[in-house]
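Hi,

Here is the structure I promised to pass on. Have a look at it first, then read my notes underneath.

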Amino acid sequence: MFTAIRFVIAIAILILYFANVENWLWRSLALFVFGCLTDVVDGEIARRTNTVSDLGKLLDPVCDKAMQIAMALVLALGGYVYLWVLIALVAKELLMVLGGMFFLKSKIVVSANWMGKFSTVWFSIAAVLAMFELKPYCDWAFIASVVLAYATLVQYGVKYFTVLKNTSDK
């Protein structure tokens, strides 16, 4: 349920911007922060109640990234963040989706790890700093976010290609 809320938040953020709703930025910020909090609560509940599922492992990061990309898009279009940040994050996420589909064909579920979560936290910090127009801090935070995102991509690649290799060797 919490996972679906983040997908709805992504859509709401886009609607606020494209419908030119008054105070779209601050409303988007409120939704984004709420979405981030639901991610933390969702993960904690799943771990404590032992209800972690393969479907949840797939859908949770997809909804998280939908919310992040929606926020990056409106921030870029609104002039709060450089367009290269949006392009870099979208490219990385497309690579992750393609990689996830590739591994899923081999019955390997790619799930989030600490580095991916750390990258997400940096993006969230950068987005909030950008909304408050705290330059150059938001620029540095976005650079850190993008570097961490690509480091995470490499980490996932190494980990899951190793799993695939070990699986095919048996």
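Below is what I found, going from the overall fold to one helix.

A word on the ground rules: this is a predicted model, where local features need pLDDT of at least 70 and side-chain atom pairs count only at pLDDT 80 or more, while totals for chains, interfaces and linings use all residues. Numbering runs from 1 along each chain as its sequence is written, and side-chain values use heavy atoms, with hydrogens and water left out.

The protein has six helices and zero strands (helices are DSSP runs of H or I with at least four residues, strands are E runs of at least two, numbered from the N terminus). The radius of gyration (over C-alpha atoms) is 17 Å, close to the 15 Å from the globule rule for 170 residues (2.2 Å times the number of residues to the power 0.38), so the protein is as compact as a globular protein of that length. Its C-alpha trace spans about 60 × 35 × 25 Å along the principal axes.

Of the 170 residues, 39% are buried (under 20% relative accessible area, 1.4 Å probe, protein chains only). Among contacts (heavy atoms within 4.5 Å) with a separation of 6 or more, 77% come from residues 24 or more positions apart.

Now α2, residues 24-48: at 1.5 Å a residue, its 25 residues should span 36 Å (1.5 Å times one less than the number of residues), and the end C-alpha atoms are 36 Å apart, which agrees. Its buried residues include Trp 24, Leu 25, Phe 32 and Asp 42. After α2 comes Asn 50, with a positive phi near 55°.

Cheers

Note on methods. Buried < 20%, exposed > 50% of the residue type's maximum accessible area, 1.4 Å probe, protein only.
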